[in-house]
Amino acid sequence: MTDLTATPQRPWLDATLPVDERVDLLMAQMTLAEKVGQTHQVANIDPSADAETIRAGRISSSLYASGATGGNERDDGVLVGNIDAAQRHAVEGSRLGIPILFGRDVIHGHRTVAPIPLGLAASFDTDIAEQVGEIAAREAAVDGVAWTFTPMVDISEEPRWGRVAESLGETPVLSGRLAASIVRGFQGPHPSDADRIAACAKHFAGYGLAAGGRDYDTVSVGENTLRNLHLRPFKAAVEAGVHTVMAAFNDVDGTPMHAHEHLIREVLKGEWGFDGVVVADWNGIGQIVFQGVAADNREAAALAIHAGIDLDMVSGSYLAHLEELVESGEVDVALVDDAVRRVLRLKFRLGLFERPYAARPGAVNAPTPETRAVALRAAQAAHVLVKNDGVLPLDPSAGSVLLSGPFVDEGEALLGTWTLDGRGEDVVSPASALRERLGDRLDVSDGRFSDRTLQQARRTERTVLLLGEHPSRSGEANSVTDIRLPHGQLDVLRAVAGLGKPVVAVVYTGRPLDLSEVLDLADAVVVVWHPGVEAGNALASVLFGDAEPRGRLPMTFPLTTGHIPTSTHQRPTGRLIRADVDLDEGRYLDALTYARLPFGFGLSYTSVDYSPPTVSTPTITPDGTVTLTVTVTNSGERPCREVVQLYFRDPVAQVTRPLVELTDWALVALEPGQAREVTFDVQAEQFAYAGRDLTARVDEGEIVLLTGPDSARLQPVSITVRTHS
């Protein structure tokens, strides 16, 4: 095996040198062909077939890492277990010994799968998000993964779009803070740690605005809206130190993001100072041709390198054309050098030159009691109770229960979208968990509309119906035109509810749904998302009251599909609609206007009262801070964890601002009868926005601060921002 320590011939292997100095030393020895090779990412690597290409330094990265040694072929044709064999060609067989960077989609867990990102967002819990990232990184590293393509921070108010399942909610503050936590979980304080991997904020930018909720579609948006909404969580991820950012498939107002020099090179890299890697999405550079702004892949490569795309994911456009584009003078070699510098910087930061091989003899990454405990807490915190007419929590000694629905015995389906390495056999199913609690007092049905299901419901005291979407109906390329429950499920609910016995509806989903009839028919409704390996245990603990339902809705649930879009993004119009006059002055003739379930909504098994908020001072300067205090009281008989939410409204600004905007929250534990003062230190910069000239500003004048349990039940207090307090 080749010695990986520094020599006069390879001084860049000296790990005591600063990273950028090592990059300079290495780049000084690289040919143009070798530089271009560092901009080329392939899907999968076959160590035998690709040996010569690797030795020539023509492959920089692969995005299908799984397994350090050995090799076999999965059903999808991806060769796994070949990382170290391929790496040996790169490190020991190439002229410069530059290691390959292996990535993989590890979105919300590797083997220990946690709730889908939208479910994690429902927890409003940054600590849980960070722990999930840390566990996922540790498990993925065992399989040789050094880089993952998460978090997805696309802001959307479009539940028809399947990829909201991968998002962290509809608000920039929630998405940005959770994204920063996930980045810290994956990357840690020292990304060269063997148990940490690089994260990737995606998809830059505006992808959540895809027309009609159709994946990959066009986006029409101005830069003011981008800066005030869609770019903010990306900036939070960059400030948290994310190593990579992925470009979006969509165009923005006619310019494909893979060719968007202003947003990528000028804003992301220039204005924000991002020094990491901008990676294309799958064939994103090649798709510039399909979008009609390049005649062929050669032109697409030129547009993309000018825009600032550093690493070409699988299109092959850079490998085929960049050298000739530089030699012809159409592309400045400095642009290629910038891309290569970023890729090499990432490889040095990850410690790949010191530790290129992935094999860890004896290491395993199957779920453990410790990792399951985190997954259980995450799943419990994602459960959102949206209706309860006194049915929950269930009394395990109070008669029999029918558990029915398509998810009763499911394992894999409850892992959710984008779980490449999760295993159905690792999932605790709802039936197994409830059977452990109820024994022979649990009856089980598969939920098909049949006489047998109704007979079972008649025989039992209560019914728990498991409704919702299979994960194949959410995630990438799984958009829908109708956000009602899948066909047939409401028929079962109507029939069972017609028996007059208590019915609990449990909704598994990757998106907000039209739950209007479910809320009307069921006595209790719990939105569970797709909860991961501890699905059954989390459900049982919440239904029987061992754990409180702690989740809050991270996206607005509209009344119907026809109400889309509806969200906290709503800005004032010339004719405002108030909830108290919606019946008379609504925007629709055939329905009310307001959402059925607002952002931030969620109930617990107790009641919490809010006092009117007070502030420490009525006036602050544009760089000042005010302390807001609100008293929350548990007026019920059970403990809870309340998500105390703080919003604001800027009544008079240079551009229209949201009617309410989340700016902070606090997780508060309350014992029965306990009252706690909750304080928020609010900085004036939290009211900053991009004005007409697109620069950040804090206006003088009134700011309304609002506190409450969700975005629709808020109490206000006003402050004034003045140059002199």
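Which elements do the buried residues of helix 17 pack against?

## Helix 17 and its two sides

In this predicted model, the buried residues of helix 17 pack against four named elements: strand 14, strand 15 (442-445), strand 16 (462-468) and helix 18 (489-497). Helix 17 itself spans residues 451-459, and its buried residues are Thr453, Leu454, Gln456 and Ala457. Because these residues cover an arc of only 160° around the axis, they lie on the same side of helix 17.

A general rule helps in reading this pattern. An α-helix has 3.6 residues a turn, so residues three or four places apart point the same way. The face of helix 17 turned away from the buried side carries exposed residues, namely Asp451, Arg452 and Arg459.

## Thr417 in a loop

Strand 14 (401-404) is also one end of a loop; the other end is helix 16 (430-438), and Thr417 lies in the loop between them. Is Thr417 buried or exposed? With a relative accessible area of 10%, Thr417 is buried, because buried means under 20%.

Thr417 touches several residues that are more than four places away in sequence. The residues with lower numbers are His108, Ile116, Ala165 and Glu166. Pro471, Ser474 and Gly475 complete the list.

## The largest pocket

Rolling a probe the size of a water molecule over the atoms shows where empty space is left. The largest pocket holds about 1100 Å³ of space. Its lining consists of 36 residues, and those nearest the centre are Ser567, Gln570, Ile577, Tyr594 and Leu659. By class, the lining of the largest pocket comprises 19 nonpolar, 10 polar and seven charged residues.

## The second largest pocket

The second largest pocket has a volume of about 960 Å³. It is lined by 31 residues, with Arg232, Lys235, Ala236, Glu239 and Glu685 nearest its centre. Two or more lining residues come from each of helix 7 (172-187), helix 8 (223-230), helix 9 (232-239), strand 24 (661-670) and strand 26 (689-690).

Which element gives the most to this lining? Helix 7 does, with seven residues. The lining of the second largest pocket divides into 13 nonpolar, eight polar and 10 charged residues.

## Cysteines

How many disulfides does the structure hold? The number is zero. Cys200 counts as buried because its relative accessibility is 0%. Cys640 is buried as well, with a relative accessible area of 7%.

Note on methods: Residues are numbered from 1 along each chain as its sequence is written. This is a predicted model: local features need pLDDT of at least 70, side-chain atom pairs count only at pLDDT 80 or more; totals for chains, interfaces and linings use all residues. Side-chain values use heavy atoms; hydrogens and water are left out. Buried means under 20% relative accessible area, exposed over 50%, partly exposed in between (1.4 Å probe, protein chains only). Contact means heavy atoms within 4.5 Å. On a 1 Å grid over the protein atoms alone, a cavity is a set of points where a 1.4 Å probe fits but cannot get out, and a pocket is an open set with protein on both sides within 12 Å along at least five of seven lines; lining residues have an atom within 4 Å of a point. Grid points are joined across faces, edges and corners, and a volume is the space filled by probe spheres set on the points. Ala, Val, Leu, Ile, Met, Phe, Trp, Tyr, Cys and Pro count as nonpolar, Asp, Glu, Lys and Arg as charged, and the others, Gly among them, as polar. A disulfide is a pair of cysteine sulfur atoms within 2.5 Å. The arc is that of the directions from the helix axis to the C-beta atoms.
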